[in-house]
Amino acid sequence: QRFFFRNTFTLGTAIAEIRRNEIIVESESASVIAIAKENLTRMANYRRTAVEESITPSNAAVQCFFSLLAEKLHYQQSLERKVQLVDAIHELSLQETNPVWLSSEYREILAQQGTIRREFKSRTRALEYLCGIITDLFVDWHRIQGNTDVRRKLPQLQQLIVSSNVQSLVKYFLE
């Protein structure tokens, strides 16, 4: 039997294939693999059953997963940046009757300020959630490879997330 799963937020997929005396789990997310391994090991221990496990990490899977997250990450960071600019641009526009001197980007932010504020308010935790997904993925990726102490690398990871350079993030993951 094969079961297919799709994460509604990241659009990541997982496939679980159950055979006689064997379960194969595939996903581009190391977190899915780590969670499946943890739960299967817990169930085997509960039943006092010996299990053999084999994990084959794929660098291509990391790149694939980040391609799924890249657009969401860029959008959320752009939205946060626009919210930070809205008040300043609005105040400047009040001093001028016709703010033609504003760049087209700033005029668009000014015109869409209500929408930007509403969307940001309704998604205040989205960027934080994305950062959490990436951080968990980083820890799980290294854990399934046998590197259990990656906490010291997390501050640099956070800086790379904020910079929103997906290629640098992928490179940092694969180091």
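This is a guided tour of the structure, with suggestions for what to select at each stop. Keep in mind throughout that the model is predicted.

**Stop 1: the hairpin at the start of the chain**

Begin by selecting strand 1 (2–6) and strand 2 (13–19), which run antiparallel to each other and are joined by 5 bridges. To see one of these pairings, pick F3 in strand 1 and look across to strand 2, where its bridge partner is A16. If you colour the model by accessibility, strand 1 shows up as hardly covered, since the count of buried residues among its 5 residues is 0.

Next, select the 6 residues that lie between the two strands of this hairpin, and single out L11, which sits in that loop. The backbone of L11 has a positive phi of about 70°, although L11 is not a glycine. Is L11 buried, exposed or partly exposed? With a relative accessible area of 40%, L11 is partly exposed.

**Stop 2: the loop after strand 2**

Move along the chain to N21, which lies in the loop between strand 2 and strand 3. Here, too, there is a residue with a positive phi, of about 60°, that is not a glycine. Its side of the story on accessibility is simple to check, because a relative accessibility of 78% is over the 50% cut-off, and N21 therefore counts as exposed.

**Stop 3: the largest nonpolar core**

Now hide the strands and show helix 1 (30–46), helix 2 (59–94), helix 5 (126–144), helix 6 (154–163) and helix 7 (166–174), each of which supplies at least two residues of the largest nonpolar core. Which of these helices gives the largest share of the core? That is helix 5, from which 10 residues come. The core has 28 residues in total, and the ones that touch the most other members are F66, I134, L157, L169 and F173.

Select F173 and display what surrounds it: leaving aside residues up to four places away in sequence, F173 touches V62, F66, I134, L137, F138, W141, H142 and L157. Apart from this core lies another one, of 7 residues, and you can find it by selecting some of its members, among them L79, I89, L102 and I109.

**Stop 4: the largest pocket**

Turn on a surface and look for the largest pocket, which has a volume of about 940 Å³. To centre the view, select I23, I24, V25, L40 and S54, which are the closest to the pocket's centre among the 31 residues that line it. Strand 3 (22–27), helix 1, helix 2 and helix 5 each give two or more residues to this lining, and helix 1 gives the most, with 8 residues. Colouring the lining by residue type will separate 16 nonpolar, 8 polar and 7 charged residues.

**Stop 5: the second largest pocket**

Finish at the second largest pocket, where about 430 Å³ of space lies. Of the 23 residues that line this pocket, select N7, S29, S31, V32 and I35, which are the closest to its centre. Two or more lining residues come from each of strand 1, strand 2, strand 3, helix 1 and helix 5, so that the hairpin from the beginning of the tour comes back into view. Which element gives the largest share of the lining of the second largest pocket? The answer is helix 5, with 6 residues. By type, the lining of this pocket divides into 11 nonpolar, 8 polar and 4 charged residues.

How values were computed:
Residues are numbered from 1 along each chain as its sequence is written. This is a predicted model: local features need pLDDT of at least 70, side-chain atom pairs count only at pLDDT 80 or more; totals for chains, interfaces and linings use all residues. Side-chain values use heavy atoms; hydrogens and water are left out. A nonpolar core is a set of buried Ala, Val, Leu, Ile, Met, Phe, Trp, Tyr and Cys residues joined through side-chain atoms within 4.5 Å. Buried means under 20% relative accessible area, exposed over 50%, partly exposed in between (1.4 Å probe, protein chains only). Helices (H or I, at least four residues) and strands (E, at least two) are DSSP runs, numbered from the N terminus. Contact means heavy atoms within 4.5 Å. On a 1 Å grid over the protein atoms alone, a cavity is a set of points where a 1.4 Å probe fits but cannot get out, and a pocket is an open set with protein on both sides within 12 Å along at least five of seven lines; lining residues have an atom within 4 Å of a point. Grid points are joined across faces, edges and corners, and a volume is the space filled by probe spheres set on the points. Ala, Val, Leu, Ile, Met, Phe, Trp, Tyr, Cys and Pro count as nonpolar, Asp, Glu, Lys and Arg as charged, and the others, Gly among them, as polar. Two strands pair if DSSP finds at least two bridges between them.
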